[in-house]
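User: I've got this one open in my viewer and would like to talk through a few local details. Can you take my questions one by one?

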Amino acid sequence: MTLEENAMKKEKKITYFGLTLEECKNVFDAIDGLVVIDHKGIIKYLSPDLFDALEELYGIELPQKVVGKSIHEIHPTSKISSAFAKEEQQEAYFYLSDGFISVARIKPVYDHGQIAGAIDYDLFTDSWQLQSFAEKLETVLNGTIMTKNKGFGNVSEFYNKKKESKYMVADIIGKSLAIERIRQKIYNLVESDSTVLITGESGVGKEVVAQAIHSSSMRSRFPMVEVNCASIPEHLFESELFGYEEGSFTGAARGGRQGRFQMADKGTIFLDEIDQIPYHMQPKLLRVLQEKEVVTVGGKKIKIDIRIISATNKDLKKLVEEGLFREDLYYRLDVINMEIPPLRQRTEDIPLLAQAHIQRLNPVLNKAIIGITQEAAGILKEYDWPGNIRELFNAIERAMNECSGDTLESKHFKELNIARLKEFIVDEPMEAKENLLGKLMDDTEKRILEKALKLNDWNITATAEFLGISRPSLHYKIKKYNLSKKDDRG
């Protein structure tokens, strides 16, 4: 029986409808994540719990700005239109919510046997409801979950594997638009096996994004093997990546050895610093992508099922133009591109990253630091961070080791303050004059004192400690240059 025939049969059944329009709306409002569209894909209804998400992701503030628009204009990645497919529809869809897989249901709506629209709604309001349901289901089925092909043996195995993941989407911290877009891209890749190229400066968190992509994918049950291409000697690349057979060269281990690609079979391989792969190895990597097989040193062909994620802090397009990287390989790797902006371009993320690292380090350093002062946060946001998140985390750890209280203050970031002072002191053209060196030194010392006093809110003890001089010496210099807080105009 076709879907249309089944719909007609249902409509022939006698129904008793005693709900008012207001009661119908109350029922709709009670269904989490409900979207209703007509046969043209025009939005007819959205449940209230979706309003905040739309505002956060797309900047849409009011529901009346949404109703009447095409679903693909408001939510380009929505799968609700799949309900209109002629073939048997797939009613259950998986997507990512807070780093965990959630489930939505999509169904067509019929009017006299013809598709009039579709509905899409969540089966669970959050990942913990899904986990609770799965655990109950496991108990009912005595621990056995019916699966096909690559499914998990049981639900506990699935969640335990998730807990073993090094990083998940929730570990990508930040509220900037750039970070929101990265998280959204990962959500869209849950069911994809496409290769991903992650680009960005050193220290921006490319490994975290790579791990999050793997842990949220359908391959998360299987291993993610990390390879730093810069750390492998050139003459060992082939055997490291593809393995070797016994007796294939002098010193080969008995029984041969698996390569990294074989270790990652059915999972993901992460090739960090992909720009460092030798040119003569690039055609062999291209062959792996095209043929889905590796050839070991020794000539054995081995089929593999693998996803490749690569990362670089270099401009691969420029390397292609310079003849240092194969163009065909570049396009094979760059199917999905994720560019992570440097920290200086998303300063609103810095306090969140700092707070997260403080909480992470407290048990390691045996500290109980609750946070960071507003002034110290200002210092972190004004610094340029050439080393990005890696440098930020080092600065936080250094400050925590120096802190004896429960809050990180500006005095705990001396190195950053000094860097700010250096930026503050600029070379100015000056005419030659008598005792020029002495005047330059006095002028520079005065400006350093002014800036240091301002940074420490004119606290004499803190400023003297910051500058590494005694309180009497600081008082003398303040008097010498006739400095006072009332002259501080910011």
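User: Is S192 buried or exposed?
Analyst: Keep in mind that this is a predicted model. S192 sits in the loop between α7 (177–188) and β6. The cut-off for burial is under 20% relative accessible area. S192 has 17%, so the call is buried.

User: Which backbone atom does the side chain of S192 reach?
Analyst: We're still in the loop between α7 and β6 here. The side chain of S192 makes its approach at 3.1 Å, and the atom at the other end is the backbone nitrogen of S194.

User: β6 belongs to a sheet, so what is the strand order there?
Analyst: It's an open sheet of five strands with parallel pairing. Neighbouring strands are turned by 15 degrees against each other on average, ignoring direction. Reading across, the order is β7-β8-β11-β6-β12.

User: Why do β7 and β12 each have one side without a neighbour in the sheet?
Analyst: Look at where they fall in the order β7-β8-β11-β6-β12. β7 (224–228) and β12 (336–339) stand at the edges, so one side of each is left open because each has a single partner strand.

User: In β11, which residue is the bridge partner of L271?
Analyst: Start with the strands: β8 covers residues 268–272 and β11 covers residues 307–312. They run parallel and are joined by four bridges. In β11, the partner of L271 is S310.

User: What angle does the direction of helix α8 make with that of β6?
Analyst: Helix α8 (residues 206–215) packs on this sheet, touching β6 (196–199), β7, β8, β11 and β12. Against the direction of β6, that of α8 makes about 155 degrees.

User: Over at β1, which residues point the other way from V35 and I37?
Analyst: In a regular strand, side chains alternate between the two faces of the sheet. Strand β1 (residues 35–38) has V35 and I37 pointing one way, and all four of its residues are buried. The ones pointing the other way are V36 and D38.

User: Which residue in the turn between β1 and β2 has a positive phi?
Analyst: β1 and β2 (residues 43–46) run antiparallel and are joined by three bridges, with V35 partnered by L46. The two strands form a hairpin with four residues between them. The phi in question is about 85 degrees, and the residue is G41.

User: And which residue in β5 stands opposite V36?
Analyst: β1 also pairs with strand β5 (residues 114–122), in the antiparallel sense and over four bridges. Opposite V36 in β5 you'll find I119.

User: How do the axes of α19 and α20 cross: roughly parallel or roughly perpendicular?
Analyst: The axes of α19 (residues 460–467) and α20 (residues 471–480) come within 9 Å and cross at roughly 100 degrees. Angles of 65 to 115 degrees count as roughly perpendicular. So α19 and α20 are roughly perpendicular.

User: How many residues of the contact of α19 with α20 are charged?
Analyst: From α19 come I460, T461, T463, A464 and L467, and from α20 come R471, L474, H475 and I478. Five of these are nonpolar and three are polar, and the number charged is one.

User: Last one: what separates the C-alpha atoms of W458 and K485?
Analyst: W458 is in the loop between α18 (436–455) and α19, and counts as buried at 18% relative accessibility. K485 is 27 residues away along the chain, but the C-alpha separation is 7.0 Å.

Key:
Residues numbered from 1 in each chain as written. Predicted model: local features only at pLDDT ≥ 70, side-chain atom pairs only at ≥ 80, totals over all residues. Heavy atoms only, no water. Pairing = 2+ DSSP bridges. Axes fitted to C-alpha atoms, helices over the stretch in contact; angles between N-to-C directions. Contact = heavy atoms within 4.5 Å. Parallel < 35°, antiparallel > 145°, perpendicular 65-115°, else oblique. Nonpolar A, V, L, I, M, F, W, Y, C, P; charged D, E, K, R; others polar. Buried < 20%, exposed > 50% of the residue type's maximum accessible area, 1.4 Å probe, protein only. Polar contact = N/O pair within 3.5 Å; in protein donor to acceptor, adjacent residues only side chain to side chain.
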